[in-house]
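Open your viewer and get ready to select residues. We will take the tour one stop at a time.

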Amino acid sequence: MKQVLITGATSGIGEALALHYANQDYAVIACGRNQARLEELSQRQTHIQTLAFDITLAEQVAEAAAQVDALDIVILNAGDCEYIDDAGSFDGALFKRVITVNLLAMGDLLEHFIKKLRTGGQLVIVSSSVTYLPLPRAEAYGASKAGVDYLAKTLAFDLAPEQIDVTLVQPGFIKTPLTDKNDFSMPFLLTAEQAAERIFKGVQKRRKILDFPKRFTYLLRLLSWLPFSWWCWLLTRKKS
Ligand SMILES: NC(=O)c1ccc[n+]([C@@H]2O[C@H](COP(=O)([O-])OP(=O)(O)OC[C@H]3O[C@@H](n4cnc5c(N)ncnc54)[C@H](OP(=O)(O)O)[C@@H]3O)[C@@H](O)[C@H]2O)c1
């Protein structure tokens with residue numbers, strides 16, 4: 001039975017991925033901090049084992065990895081989103097929190113989990129389509145995910161000699177506790193189950209980049225071709 005480890009499996013996309021992989025006969029190691037949610041998840045599907053740790057604490061990451069044997073797939077999905085509501089009174093602590101969980105934590109996770117991957121294994125890194133285009137209030141989230149994109153893309157060629165394939169996942173809006181906090185309209189919103197199915201299929205095909213839904217990501221790409229000054233004008237015109 002193939003083994004997959006998924007971070008951020010206590011809710012949203014990660015939870016849906018854990019259930020999807022387990023239903024496809026993978027042995028799943030579901031990770032997160034929330035012990036009660038992990039317990040609940042393992043009771044829903046016999047193929048799911050759990051590992052509770054905080055990805056931002058190096059010691060906990062090392063201890064968790066020490067409990068894991070060889071893996072076929074590692075999915076680094078855990079993350080958080082907080083917005084900079086007032087750039088004029090920039091919230092440095094918020095910025096640090098978001099960069100820490102989304103980007104800096106990747107360092108320890110990669111250090112400990114890449115070596116667990118079998119030859120021919122796969123590393124899947126969940127970023128966001130936010131990186132196609134600068135979006136309002138996304139200074140912290142967007143900067144963290146832009147870093148994640150670069151990291152995943154460089155790993156794609158630097159891990160090739162180790163025979164490890166890397167998939168960078170850039171979802172559009174997915175209905176999860178993370179987006180339930182949003183107070184703006186979210187076009188082409190998908191369910192976490194739809195996202196999990198797309199990620200599962202894309203990872204199976206060993207795709208290098210996985211972005212969805214296409215009708216949203218193509219639109220973002222099209223807008224990203226605008227001169228940056230036009231994009232700034234479009235976003236600020238209502239205020240002047
Ligand atoms: N939802 C979207 O529209 C969307 C779009 C693009 C990209 N994404 C990305 O997809 C990923 C999953 O997002 P989601 O929407 O499914 O969010 P979510 O429902 O809020 O889930 C976030 C997960 O990350 C875990 N997590 C957060 N901080 C952690 C920490 N310090 N240590 C360990 N685990 C931690 C949480 O578990 P615990 O609280 O149990 O620790 C939870 O399982 C994120 O990387 C997000 O940026 C989401």
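Start with a sorting rule: Ala, Val, Leu, Ile, Met, Phe, Trp, Tyr, Cys and Pro count as nonpolar, Asp, Glu, Lys and Arg as charged, and the others, Gly among them, as polar. Keep in mind that this model is predicted.

**Stop 1: the ligand and its shell**

Select the ligand. Around it sit 30 residues. Color them by class: 13 are nonpolar, 14 are polar and three are charged. Now pick out the closest: Thr 10, Ser 11, Arg 33, Tyr 141 and Thr 176.

Which helix gives the most to this shell? Select α6, which supplies three residues. Show α1 (12–23) and α5 (139–158) too. Each of α1, α5 and α6 (177–180) brings at least two residues to the shell.

**Stop 2: oxygen atoms of the ligand**

Zoom in on Thr 176. One of its polar side-chain atoms lies 2.6 Å from a ligand oxygen. Next, select Ile 13. Here a backbone N or O atom is 2.8 Å from an oxygen of the ligand. Then go to Gly 8, where a backbone N or O atom lies 3.1 Å from a ligand oxygen. Turn on the surface. The ligand alone would expose 880 Å², and the protein buries 92% of that.

**Stop 3: Ser 128**

Move to the loop between β5 (117–126) and α5, and select Ser 128 there. Is Ser 128 buried or exposed? Ser 128 is buried, because its relative accessible area is 8%, and buried means under 20%. Find a polar atom of the Ser 128 side chain: the backbone nitrogen of Val 130 lies 3.0 Å away from that atom. Beyond residues up to four places away in sequence, Ser 128 touches Tyr 141, Lys 145, Val 169, Gln 170 and Pro 171. Tyr 141 is familiar: it is among the residues closest to the ligand.

**Stop 4: Asn 182**

Jump to the loop between α6 and β8 (190–191), where Asn 182 is found. Asn 182 has a relative accessible area of 15%, so this residue is buried too. Show side chains. Those of Asn 182 and Tyr 83 make a polar contact at 3.4 Å. Setting aside neighbours within four places in sequence, Asn 182 is in contact with Tyr 83 and Phe 173.

**Stop 5: two cysteines**

Select Cys 31, then Cys 232. Cys 31 counts as buried because its relative accessibility is 1%. Cys 232, at 31%, counts as partly exposed. A disulfide is a covalent bond between the sulfur atoms of two cysteines. How many disulfides are there? The count is zero.

Note on methods. Residues numbered from 1 in each chain as written. Predicted model: local features only at pLDDT ≥ 70, side-chain atom pairs only at ≥ 80, totals over all residues. Heavy atoms only, no water. Near = heavy atom within 4 Å. Polar contact = N/O pair within 3.5 Å; in protein donor to acceptor, adjacent residues only side chain to side chain. Areas by Shrake-Rupley, 256 points an atom, 1.4 Å probe, with all protein chains shown as cover. Helix = DSSP H or I, 4+ residues; strand = E, 2+ residues; numbered from the N terminus. Disulfide = S-S within 2.5 Å. Buried < 20%, exposed > 50% of the residue type's maximum accessible area, 1.4 Å probe, protein only. Contact = heavy atoms within 4.5 Å.
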